[in-house]
Amino acid sequence: MYIVCLDLEGVLVPEIWVTFAREHGIPALERTTRDEPDYGRLMEYRLAHLRRHGLGLRELQETIAHMRPFPGARAFLDELRSFTQAVILSDTFEEFARPLMEQLNWPTLLCNRLETAADGNTITGVHLRCPQTKLTTVRALQSAGYETIAAGDSYNDLDMLQAGKAGFLFRSTPAIRAAHPELPACDTYEELLAGIRRAMELPAPERKGEP
């Protein structure tokens, strides 16, 4: 029995913080888990810049409201879920996710939660659902009898990619690819689907017009 664990940002949708940074003209907020392996340090850095610029949850949600998944992401998920179980494991937040999940046809998402001040807008911290959220979840799924296959693009995905039967770097950086040649690298959803099928020892699907 298999379950595929997918990162969200950089794999299915654009990076929320990068989009927000460019919209508000704050280059410092373009820093992501592709650049900073320590997620706690990254979030402290982000929140400090939000406070410095007087921005909060409301402004972030306004940005997310007009974001769109990558072209082909929904079709990829639909096809993937036609032959196996899938779950999105993300370090994003419940307060961010709903508009994006709706556009992706409501896949299962396991993520984190923000802590806000009494005004409901000032972000004061983050509440992680468990330590090492992605690796811990993969281990839990394995303990429940699943073989895991994973795909991600950043440093914070590496543990879950390396912990299962197969792991794929999807549109990752040259530096991460070079540091982890043991992980197959994919740049298209077609390549990723094919890799997942091979890991599951499934035949390639017949395409329309083929006998």
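Let's start with helix α3, residues 57-65, whose buried residues are Leu 57, Glu 59, Leu 60, Thr 63 and Ile 64. These residues lie on the same side of α3, because they cover an arc of only 165 degrees around the axis. Their packing partners are spread along the chain: α1 (16-24), α2 (39-53), α5 (94-103), β3 (109-116) and β4 (123-127). Keep in mind as you look around that this is a predicted model.

Two of those partners, β3 and β4, lead us into the sheet. Seven strands form an open sheet here, in the order β4-β3-β2-β1-β5-β6-β7, and the pairing is mixed. The edge strands, each pairing on one side only, are β4 and β7.

We can walk inward from the β4 edge. Strands β3 and β4 run antiparallel and are joined by four bridges. A handy landmark on this pair is Arg 113, which stands opposite His 127 in β4. On to the next pair: β2 and β3 run parallel, with three bridges between them. Here Leu 89 faces Leu 110 in β3. To get from β2 to β3, the chain passes through α5, and this β-α-β crossover is right-handed. You have met α5 already, as one of the elements that the buried residues of α3 pack against.

Strand β2 itself, residues 85-93, is mostly covered, with eight of its nine residues buried. On to its pairing with strand β1 (residues 2-6): the two run parallel and are joined by four bridges. Look for Val 4, which stands opposite Ala 86 in β2.

Val 4 and Ala 86 turn up again around Leu 80. Leaving aside neighbours within four places in sequence, Leu 80 is in contact with Val 4, Leu 6, Ala 86, Leu 193 and Ile 196. Leu 80 also belongs to the largest nonpolar core, which has 52 residues. Leu 80 is among the residues with the most contacts inside that core, along with Leu 12, Leu 50, Phe 76, Phe 96, Ile 149 and Ile 196. A second, separate core has 15 residues, including Cys 5, Leu 135, Leu 158 and Ile 176.

Leu 158 makes a good bridge to our next stop, Leu 183. This residue sits in the loop between α8 (174-179) and β7 (185-186). Is Leu 183 buried or exposed? With a relative accessible area of 7%, Leu 183 is buried, because the cut-off for that class is under 20%. Beyond its neighbours within four places in sequence, Leu 183 is in contact with Leu 158, Leu 161, Gln 162, Gly 167 and Leu 169. Its C-alpha atom is separated by 8.2 Å from that of Ala 166, and the two residues are 17 apart along the chain.

Let's finish with another loop residue, Asn 156, which is placed between β5 (147-152) and α7 (158-163). Asn 156 counts as buried, because its relative accessibility is 16% and the class takes in values under 20%. What does its side chain make polar contacts with? One partner is the side chain of Thr 33, at 3.3 Å. Another is the side chain of Asp 91, at 2.6 Å. Not counting residues up to four places away in sequence, Asn 156 touches Thr 33, Asp 91 and Lys 134. Asp 91 takes us back to β2, the strand of residues 85-93.

Notes:
Residues are numbered from 1 along each chain as its sequence is written. This is a predicted model: local features need pLDDT of at least 70, side-chain atom pairs count only at pLDDT 80 or more; totals for chains, interfaces and linings use all residues. Side-chain values use heavy atoms; hydrogens and water are left out. Buried means under 20% relative accessible area, exposed over 50%, partly exposed in between (1.4 Å probe, protein chains only). A polar contact is a pair of N or O atoms within 3.5 Å; within protein, one must be able to donate a hydrogen and the other to accept it, and residues adjacent in sequence count only if both atoms are side-chain atoms. Contact means heavy atoms within 4.5 Å. The arc is that of the directions from the helix axis to the C-beta atoms. A nonpolar core is a set of buried Ala, Val, Leu, Ile, Met, Phe, Trp, Tyr and Cys residues joined through side-chain atoms within 4.5 Å. Two strands pair if DSSP finds at least two bridges between them. A crossover is right-handed if, with the strands pointing away from the viewer, the path from the first strand over the helix to the second runs clockwise.
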